[in-house]
Structures are given as structure tokens and as C-alpha cells.
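Biologist: I am new to this structure and would like a close look at a single part. Please take the surroundings of one residue in the first chain, and then show how that place fits into the rest.

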Amino acid sequence: MKLLEVNNLKKHFSVNDSFLANLLNKNSQVHAVNGVSFSINKGETLSLVGESGCGKSTIGRTILGLYEPTEGEISYCGKKISQMSKKEKFGLKEKMQMIFQDPFSSLNPRQKVKDIIQEPIRSHNIVSREEEKDYILNLLDKVGVDGSYLNRYPHQFSGGQRQRIGIARSLSMEPDFIVADEPISALDVSIQAQILNLLMDLQDEFDLTFLFIAHDLSVVKHISDRVAIMYLGKIFEIGDKKDIFAEPLHPYTKALFNSIPELTTTTKENFSVLSGNVPDPIQLPQGCYFHSRCKYAEKICLKKEPELKEVNGRKVACHQL
Amino acid sequence: MYDENVETTKEIKSSPGTLVWRRFRHNRMALIGLGMLSIIVLISILAPLLATHDPNKIYMDKFRQPPNDEHILGTDSLGRDVWSRLVYGSRVSMTVGITAVAMYLLIGVTIGTLAAYFGGVVDMVLMRLTDIVMSFPFLLFALVIVATLEGEGNIWVVMGVIGLLGWTTNARLIRGQILSLRDKDYVQSARALGASHFRIIFKHLLPNAMAPVLVASTLSMAFAIMTEAALSFLGMGVPPTMASWGSMLSEANSRLVMDRMPWLWVPPGIAVLVSVLSINFVGDGLRDALDPKQKNNKEV
């Protein structure tokens, strides 16, 4: 069953929104997301992978309604979000939640742990006032934070604990779908595994669906069911984790996998780094966005943008396949 | 496995407020400032007890008497007791200072918050308004308004004018703060949780944006006190009968008083100096305590 469907989503940001720039028609746009379509089934984890600035986080935040999409449709349980009433949208917030990357900026420094978790419970009337305390303690217990810390402030916790509190806040609304925006990349390596396992345990327990945003491929391999590789606001390859990790097809996916250093005796030879830089997202390149860095690029790649097409049980956007 | 829930700190009270006070307490100048300021506030409250005479009573036989047993700071050109007028004058200064700061906060925070939070046209209009008010030559404009409203001698008009012209710094400060906080993850998270604009502004933005605004407000309180003194000195402030440090200072506009009768202008001068100085010390201390990242601040 399709829980979430994203159809041809585009999101552009104005760079220079000043009065004068508008007057002189010099208002340029950053093309963060350029026509992305995918769907997520209930209970599965889809990972969005790509280098920084490729629009992963923008997709996550647009789905949650933090940004208005420039173009395209997002549907939840088959219903288009743009056609929902204000009340329905408010109700939808209970269903879709977010876990943030930086645990140091995701908690209000002036709220106690209790208030941080209480706020959404009260505004959405999740439980009655009498049950509230037990509910919060139960949540904290689920994410592995001691219940005696209720009256502490965020600055008294370590990064890992803060992230657990952030997760408890998201879970307080009993959501079905969670956008996890690089939830472990800001944490110590020793804590990363704990949080990752916590997320997977919670997924089993509450039957959660994840959109997992990441750039660390080993993490992605651990947690996802399906993977989407993004570049400059486009999906280049999307399919089952097993297929893609077994045999990456798109030249960019291959380059990404080759860029993982491995510990061997001949360390220097076993990984390569892509040359060149990501093109300017203000002035998008013609044809395939990857042609400037692709070693297989041909004439057609410079002119025509490749569509996503079925190859070996997954979808790839490349003229060479 | 390493357990991150180990107890690391002793169970001490450490709300943001307590932490600020703990840092403030270690700043000696700020403590002295706070002490002086409290004394001045106390004096203004207890004025009727501290004054030895009625501040407005004219002793016909005693013009410009130097300090003596009966009038400890002497008498002024109209034969009024200088000490009593000094004590009552603190009431004017404190009222003006507090009212002005309240107005700065109210107007400045409202305009700055609305501009930053809603952005776009709202921001444009409100900030241009701020720019316009900012470009008024302050003292001159204050004089003109007081004169056109025929408010000479009306302390409320004076306070209103000072308050209406001085909020611009606060507006700009709070706008900058809110702009930088608006995209913080905890604000995004509140939006994702469906919090209303009202809730986001009052629960998540303002409490975290107030620190530099509070500092600026203390400093502008000093400015308001000096402006009142200046207006009263020019005869546009409080009514001539009412005791105010500024109007007492205006006695010194004759050479004779300057040279020969220091008891008429030195005490109110020192009073203005001390109150402005101690407010500034408190402001500096607050700034250091609220923003521990700024240097010159040993870890406490």
C-alpha cells in the first residue's frame, strides 16, 4: 500500500528577493529540487542519498509542509495535500513527523524536557492531562532517556541524549511517517549505532515508515529497504537496496560507491574521487545534469535530459543504458 | 557498551535564568551598578521620608544659601531646599527611564518581530518606517513635538516623546535576532508539530531573542534619563515647580552660579552621572552574563 506519493516535485528558492532586484528583473532562483517522483509503501524505509546541496533535505521539508512546493503534488494515503483543508492539514501533522540532523539546534534551549514533549501532546490533544505524565515517561523510556531528567534543560544533555529527546518529541504524536533528516550524522561514531538501532526498533514497534535522508552509504545499507540516488535535485537511480548495492548502474551511483575508502593493504588504489564540481543550481546545465563529470558522456547527454526508465528491476536516468 | 545516561552533573538548579544570575554575580562592576541603581530606586520610593523639607516650599528669606545645618545642600535661587529637590528629582528620572524602556520594548519588539517573522512587504514597510523615525534629529524633534503639543511641563508628554522616538534600535536588534532564529530546527520542528504563529513567536522565538534586547534596553534607559535632563535643562521638560535633576542643572546657566555656587549644580550633576553610569554597568554585566560566548568572561 502506498503511504506517500511524490509526483514531479519541484522547489525553487529566490536568491535575491529585494525590491530593486524584482524591479530590474534580476531575481535568480536556486533550483533545489527539479522534478522528483517517488512513492513509499507503508512500513518501509526509503533512503535519499546524495552529496550535500542536492536537495535531499528540501524534499523532506517540503513533504512536511515546511516549504510550499513550487510545482508538483504530494499525496498522503492517496489524498493530495494541496487540496486538503486547514483542519486536515493540521491533522496530518500528527501523521507525519521529522527528526532533525543537529540535536543542538533542534531543541528550544529555554524549554525543559517535559515542556518540549508536552507541547505537541497538548496542542493535538493526544492524551488527557491526567495521563500526560505517564505518557511522557513512557515515551522517554522507549527512546532510552531516564525519566528523572524531566525537569532538565537541553544544555544539560549530550548530543546523543538530545537526539533521543528529539525522537521522543516526534513520536509523541504517534505518527505513521517520519522524515529522518540525517539523524545520526552530527553524532559521535559510538552513539550513531545506538541511535540507528533505536530507530529500527521503533520502526518495528510502531510500524513506522521512514524517509531516511543520508549521505553515509554504510548507514543507508544498514537501515533501508529502497534507495534513491540524487544529484542536483533529480533522482538518478531508485530501486531495492539489494539490487543497487549489488550492482550500481548509473555512472554517478558507481562513482559514489567507488568513493568509499576501504581498509585494505593497498588503500590508495581502491577508491577514486569524482573530478570536477556540482554545476551551479542557479543556472542548470543543459541535457543530463551529470554530463560535465561523467566519463561516459556522449553527444546526446549534452542535449537531452534522460528520463527515469526501468532497467533490471529498478529505475535509472541515463542514456547509456 | 558505553552508556550515555550516566549522571554527569550534580543535581543543581540550572535553568537558563539561574545560570545568567550566577555569571552576573561574578562581575564586580555590574554588582556595584546594580547596588547603586537599587539605592537610587529606593531613594525615589522613600523620597517623602528622606527629604528634610517640602521640595517646593519657598523660604523667602533664604535665597542661594550655601549648605548649612538646616539645609544640608543649601537652597536654590528661589529659596527651595536643594537636598529635598534632589531626592524628589530621582522620582522623575526613574519614572522617565522605566516608562521609556517599557515603550521601547513594546513598540520595538512588536515592530521588529512582525517584520522578521512575516518578511516580504510587511518587513519592507515596517523597516522603512523604522529608518524614517531613526533619521529624525532626536533632541530637536523632541523639542518641536513638546512645543507643538504645548506639552511644556507635562511629564507624560515628555516621556511619550522620548518613548516614541527611541524604539528604533530595539526594533532592528530584535528583527536581526528573529531572522537568525526563524530557521533554527526547533522552530521548524514547532511548525512541523502544527504550532500556531502566536505560539511560535511567544514560546520559541521571543524567549531566545530577548537577551541582546534587554541589554540594549538598559543602555537606552540611561539615554532616556539624560534626554529628560536635557529637555528639562532647556525648559521643555517637567514643569518648573516640579523637581527634576535636569531643571536643577539649568540653574547653572549663569556664570555666577557656575563659579560661586557649586551646591546648586554639582549634586544633580553627580546624581545624573551616577545613575547613568550604574545603569551602564548593569547593562554591560547583563551582556556578559547572557552571552557567555563573548570573551572576557571566565568560565564559572
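Modeller: What follows starts at one residue and works outward to the sheets, the second chain and a pair of helices.

The model is a predicted one. The residue is Met173(A), which sits in the loop between helix H6 (159–171) and strand S7 (177–181) of chain A. Is Met173(A) buried or exposed? Met173(A) has 20 other C-beta atoms within 10 Å, and a residue counts as buried at 20 or more, so Met173(A) is buried.

Which residues does Met173(A) touch, leaving aside those up to four places away in sequence? In chain A they are Glu94(A), Gln97(A), Pro120(A), His124(A) and Ile126(A), and from chain B there is Leu193(B). Ile126(A) is 47 residues from Met173(A) along the chain, yet their C-alpha atoms are separated by 6.7 Å.

The elements on either side of this loop lead to a sheet. Strand S7(A) belongs to an open sheet of eight strands with mixed pairing, in the order S6-S7-S8-S3-S9-S10-S12-S11 (chain A). Its edge strands, each paired on one side only, are S6 (96–99) and S11 (309–311) of chain A. From one strand to the next, the twist averages 25°. Helix H6(A) lies across S6 and S7 of chain A and runs at about 175° to S6(A).

Further along this sheet, strand S3 (residues 45–49) and strand S8 (residues 209–214) of chain A pair in the parallel sense, over five bridges. In this pair, Ser47(A) stands opposite Phe212(A) in S8(A). Another helix of chain A, H10 (residues 251–258), lies across strands S9 (226–231) and S10 (234–240), running at about 100° to S9(A).

Chain A also has an open sheet of four strands, in the order S2-S1-S4-S5 and with antiparallel pairing. Here the edge strands are S2 (29–41) and S5 (79–80) of chain A, each pairing on one side only. Strand S1 (residues 2–14) of chain A pairs with S2(A) in the antiparallel sense over ten bridges. His12(A) stands opposite His31(A) in S2(A). Helix H2 (residues 56–63) of chain A packs on this sheet and touches S1, S2 and S4 (71–76) of chain A, its direction making about 115° with that of S1(A).

The touch between Met173(A) and Leu193(B) leads to the second chain. In the contact between the chains, 21 residues of chain B meet 27 residues of chain A. On the chain B side, the elements giving two or more residues are helix H9 (185–192) and helix H10 (197–233) of chain B. H9(B) gives the most, with six residues. By kind, the residues on this side of chain B are eight nonpolar, nine polar and four charged.

Elsewhere in chain B, two helices pack together. Helix H6 (residues 138–148) and helix H7 (residues 155–166) of chain B make an angle of about 140°, and their axes are 10 Å apart. That angle makes H6(B) oblique to H7(B). Their crossing is right-handed. From H6(B), Phe138(B), Phe141(B), Ala142(B), Ile145(B) and Val146(B) take part, meeting Val157(B), Val158(B), Val161(B), Ile162(B) and Leu165(B) of H7(B). The contact of H6(B) with H7(B) has ten nonpolar residues, no polar and no charged.

How values were computed: Residues are numbered from 1 along each chain as its sequence is written. Chains are lettered from A and ligands numbered from 1 in the order in which they are written. This is a predicted model: local features need pLDDT of at least 70, side-chain atom pairs count only at pLDDT 80 or more; totals for chains, interfaces and linings use all residues. Axes are lines fitted to C-alpha atoms, for helices over the stretch in contact, and angles run from 0 to 180 degrees between N-to-C directions. Angles under 35 degrees count as roughly parallel, over 145 as roughly antiparallel, 65 to 115 as roughly perpendicular and the rest as oblique. A crossing is left-handed if the near helix is turned anticlockwise from the far one by less than a right angle, and right-handed if clockwise. Two residues are in contact if their C-beta atoms, placed from the backbone, lie within 7 Å. Ala, Val, Leu, Ile, Met, Phe, Trp, Tyr, Cys and Pro count as nonpolar, Asp, Glu, Lys and Arg as charged, and the others, Gly among them, as polar. Two strands pair if DSSP finds at least two bridges between them. A residue is buried if 20 or more other C-beta atoms lie within 10 Å of its own, exposed if 12 or fewer, and partly exposed in between; C-beta atoms are placed from the backbone.
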